[in-house]
Amino acid sequence: VQTDRDSLRQSRDALQVQLNSRPPMIFNGSYDFGREEVTELSKLISVYYCREAPIEIDGNKIYNCVRRCYTAFDRNYEDNPDGYWYDMRMLLSTC
């Protein structure tokens, strides 16, 4: 009984290490990153592209999202979110 318990604890600990080493799932399959989601886009790039990028994330679509956000920043729309300059600075630094 004691060996079974020790074996289960070892399996549990190994699974816990695996779960802690994987990046958090912050990508839901949608590339709808707009001016309000610049921080999420920056997180996605830093988590997935600083490591190995999963196959389901298309780098070209991520680039288009960054370009769309930068265009809004460059044109300085009046309805840009508060702190947009800081968010874009973070995004461009991450890129």
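How much accessible surface does the chain have, and what percentage of it belongs to carbon and sulfur atoms? Switch on the surface and you are looking at about 7300 Å², with 49% belonging to carbon and sulfur atoms. Keep in mind as you click around that this is a predicted model.

Now go to cartoon view. You'll find 4 helices and 0 strands, and walking from the N terminus the order reads α-α-α-α.

Next, colour by burial. Of the 95 residues in the chain, 22% are buried. Then bring up the contacts, leaving out pairs under 6 apart in sequence: among those at least 6 apart, 60% join residues at least 24 apart.

Time for the cysteines. Select C69 and check its surroundings. Is C69 buried or exposed? Its relative accessibility is 1%, so C69 counts as buried. The cysteine sulfur closest to that of C69 sits in C65, 6.8 Å away. A disulfide needs the two sulfur atoms within 2.5 Å, so the C69 and C65 sulfurs are too far apart for a bond.

Hop over to C95 next. C95 is in no disulfide either; for C95 the nearest cysteine sulfur is that of C69, at 9.6 Å. Show the surface again around C95: this residue is exposed, with a relative accessible area of 56%, whereas C69 is buried.

Last stop: zoom back out to the whole model. The disulfide count for the structure is 0, and what you have on screen is a chain of 4 helices.

Conventions: Residues numbered from 1 in each chain as written. Predicted model: local features only at pLDDT ≥ 70, side-chain atom pairs only at ≥ 80, totals over all residues. Heavy atoms only, no water. Helix = DSSP H or I, 4+ residues; strand = E, 2+ residues; numbered from the N terminus. Buried < 20%, exposed > 50% of the residue type's maximum accessible area, 1.4 Å probe, protein only. Contact = heavy atoms within 4.5 Å. Areas by Shrake-Rupley, 256 points an atom, 1.4 Å probe, with all protein chains shown as cover.
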